[in-house]
Each structure stands twice: as C-alpha cells, then as structure tokens.
Amino acid sequence: MESQHTPRSPPVPAGFESPTTTGFDTPIEADSPSTNSPGDDSDSKTLTDDVYQYAKENGRTYHGYRAGTYHFPNDPSETDRLDFQYEILKHCFLGRNYFAPLNDPKHILDIGTGTGQWAIEMGDEFPEAEVQATDLSPIQPQEVPENVHFFIDDASEEDWALPPAYFDYIHTRVLLGCFEDFREIIKKAFHYLKPGGYMESQEIMSTLYCDDGTMPDNFPFLQWNRDLDEAAMAAGRPMRIANKMKRWYKEAGFVDVEEKTFKLPINTWPRDRHLKYIGQMQEDNWLSGLGGITMGLFSRMFSWSKTEIEVYLVNIRKSISDKRVHAYHRVHVVYGRKPFPGEIPTGETPAGATFTASQSRTAATGFLDAGLPAQIFSSQAYVQGSAGGSNTNSEQSR
C-alpha cells in the first residue's frame, strides 16, 4: 500500500559542514562494506471550476486541464513529495536555486512550477522582477509575494501568449516524462528570451547508476527504472532527457552553454556526511512517493490493476532501502545564453575566415585541447562540469 506518512527532512548530522572539494567523477565511498550483494483550448485558463475538476483513478487525482497529458498525480500526497523533492535539490545544490549568471532579471518564467516553491523564493530574491510560473494544476499556495503570478498553461502550446524576446530568465526543473519532445520547449524558450537572457534546466536522469559493481542486473529498483522508462516511451513522454540537454541547448542556438552534474544516492549508503544526508531524504521521498509515480503510467500503458501495481512495488520498496547496493541517480544542470544580434559564438569562425594547418588540427580535437577548468561544487556529489557522463544502459535515440 502507498505509504501515507509525510516526508520530512532528517536531523542535520552533528558537526555537518559543507563538503570538501575533490576531483570530478570521484566515486562515492560507501559507509559500510558491500558484502552479500543481492542478486482543447490553447489559451491560458483562469482558476475556474473546470480546472479543479480533477480526474480520479485508482485512488489518486490527476489534473483536469488537458487531462491525460501528464501521468503523475496532483493530490496532497504528491504535493508533499514535490515540496520534499525541492528541499532535496536545495541540499544537493548547496542552497542554490540557479547557476546561470543572472544580473538583475526583470522578467522570469518557471515552466512546470508544481507547488511553486522555486518561483516564490525567486520572487523574494528578486523583488523588482516579475516572476511568472505555469503548471497544469492549481496546486500553488495562495499567499505569495506580490511579484509572483501563477498561471494554468501548457508550455507545449505553440503560442505562449507573450511577445517574443520578453523574458530575462526561463527555468525548468524535473520535467522528465512531461513533454513529447523537450527540444521544442527549449526552442520556444529561445524565442521568448531577450538577447543576453538565460535558460536553465535542472533534470534528474532516470537511469540508475552504480560505480563499484554492487548493483546486480536483477536489482528490483533498477528494473523499476527500466519499466518506468518503457511506460513513459509508450505514452510518448520520454524520461531520459537530462543527459541530452546540453546538446539540445546548442542546437537551439544558445551560447556559453554549461553543464554541471550531481549525484543523488538512493539511501544512506555513502560515508560522506553530505551525501548520506541527501540519501536519507531521497530514501524517504522514494518510499512515500513511489506509488504515485508508478500508478498512472503503469495502469494506463501496461493495463495493470491497482492491486497488481501494489504487489509489484513491495520488492521495489525493499530494494530502495538496501544499503548493500551503492546506487544513485544523476542530476544534470544545463544553462545557456541567447546571443545578441550579430554575435559570433566563442569558438565559431566568421564566414570567409581560414584556418592554418595547426589551427585546423586544434579545431578537430574540439574540447580535448581546450584546457577548460572544472568547477567543483559538491565534493563527491559533483560529477563533472562539461559533457554529460556515459550511460551503460541503452539510451533512447533522440
């Protein structure tokens, strides 16, 4: 049965300090030996009654506006999970809400705002800015800063009902499984950004990773991740988008594109206190929210009954708490700038320019000869600051 307890942050460990910095791609050290490893209308809507007419399935409620396009619930159990997920990422990012180099933005957009916590905090940090935030469900609080405004809208619509080049900063977070093609969201954001404005996406990679061989191929939580990917692909809402965002940003025309990657342990297996703390929050959030994440996609795509799904999840929950398996997810943070008119992106050659032979050889090697420094933000939680990591599991070709 779905756990009904509300996730809460665990106590901060005694003597907790910000983690020390180490080299990127540093494996996470386990806290204990890993012995005995187991085998409609396109316009934005005001908050009218029809927006509150939630669809009900298998004991959960789902959004009424554009019903069926988003496969995760919007009931109180889910909003608790979303709020806790926001807190987890704040700890993962060492208190940061964004990484793009913002300079007094006046117009900010948050796509898929959920419970609106990010938008509210940005409104407090930038009181002179107008912060707009969109979602399919009206699950945001009523008491918010005067400069924060929530709208019921679908970002996949062709027209965002705003003039082009309007926003200084556009933000997305944890939108895997939400859109048919996230590249289209990136392209639209580029259109609605001012020259010099930034877009930033913070996404969890659905693939489960392990660096030390303690995760067997039949690990139940690994199989759940694969099954969820399959269901999402059948629904036309891909989950595996995080490791492709940097390339998609560049293809859309963004410049100064940067990527930072962090690790989210699934439980308290790491020895590092910062990662153990994050892992404790992650485990609690997974155990309380697993049913909600699973129910819509598995019942709709696999035609499983509620009872079949609940039975299936019994071993999944047990495996999430298994500290013998040193598994984690990755969070990819990508941001880029819309160039100014006539600007030539760094590293690109003006029309008609020629290379010397030595310059051609250097260009052919790309970033291998660039000598770019790596920025470390979160000790072992930080993976790397340029291209996304490799994935041993098969990836969708997009």
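Here are three short exercises on how the helices and the core pack in this predicted model.

**Exercise 1: the cores**

Find the residues with the most contacts inside the largest nonpolar core, and work out which helix gives that core its largest share.

*Solution.* Start with the core itself: it has 84 residues. The ones with the most contacts inside it are Ile-111, Tyr-169, Ile-170, Phe-182, Phe-221, Trp-224 and Phe-254. Next, look at where the core residues come from: helix H6 (residues 273-301) supplies the largest share, with nine residues. Then zoom in on Ile-170. Skip its neighbours within four places in sequence, and Ile-170 still touches Leu-109, Ile-111, Trp-160, Ala-189, Tyr-192, Leu-193, Tyr-198, Met-199 and Glu-200. Last, don't miss the second, separate core, which has eight residues, among them Met-205, Tyr-209, Leu-275 and Tyr-328.

**Exercise 2: H3 against H5**

Describe how helix H3 (residues 182-192) and helix H5 (residues 245-252) cross, and say which residues make the contact.

*Solution.* First the geometry: the two axes come within 9 Å and cross at roughly 45°. An angle between 35 and 65 degrees counts as oblique, so H3 and H5 are oblique to each other. As for handedness, the H3 and H5 crossing is right-handed. Now pick out the side that each helix offers. H3 brings Phe-182, Arg-183, Ile-186, Lys-187 and Phe-190, while H5 brings Met-245, Trp-248, Tyr-249 and Ala-252. Sort these contact residues and you get seven nonpolar, no polar and two charged.

Now for burial in H3: Phe-182, Ile-185, Ile-186, Lys-188, Ala-189, Phe-190 and Tyr-192 are buried. The cover over the buried residues of H3 includes H5 along with strands S3 (107-111), S6 (167-173) and S7 (193-210).

**Exercise 3: H1 against H6**

Decide how helix H1 (residues 76-92) is oriented relative to H6, and sort the residues of their contact by type.

*Solution.* Begin with the numbers: H1 and H6 pack at an angle of about 160°, and their axes are 10 Å apart. Angles over 145 degrees count as roughly antiparallel, so that is what H1 is to H6. The crossing of H1 and H6 is left-handed. From H1, the contact uses Arg-81, Phe-84, Gln-85, Ile-88, His-91 and Cys-92. From H6 come His-274, Tyr-277, Ile-278, Met-281, Gln-282, Asp-284, Asn-285, Gly-289 and Ile-293. Sorted by type, the contact of H1 with H6 has seven nonpolar, six polar and two charged residues.

Definitions and conventions:
Residues are numbered from 1 along each chain as its sequence is written. This is a predicted model: local features need pLDDT of at least 70, side-chain atom pairs count only at pLDDT 80 or more; totals for chains, interfaces and linings use all residues. Side-chain values use heavy atoms; hydrogens and water are left out. A nonpolar core is a set of buried Ala, Val, Leu, Ile, Met, Phe, Trp, Tyr and Cys residues joined through side-chain atoms within 4.5 Å. Buried means under 20% relative accessible area, exposed over 50%, partly exposed in between (1.4 Å probe, protein chains only). Helices (H or I, at least four residues) and strands (E, at least two) are DSSP runs, numbered from the N terminus. Contact means heavy atoms within 4.5 Å. Axes are lines fitted to C-alpha atoms, for helices over the stretch in contact, and angles run from 0 to 180 degrees between N-to-C directions. Angles under 35 degrees count as roughly parallel, over 145 as roughly antiparallel, 65 to 115 as roughly perpendicular and the rest as oblique. A crossing is left-handed if the near helix is turned anticlockwise from the far one by less than a right angle, and right-handed if clockwise. Ala, Val, Leu, Ile, Met, Phe, Trp, Tyr, Cys and Pro count as nonpolar, Asp, Glu, Lys and Arg as charged, and the others, Gly among them, as polar.
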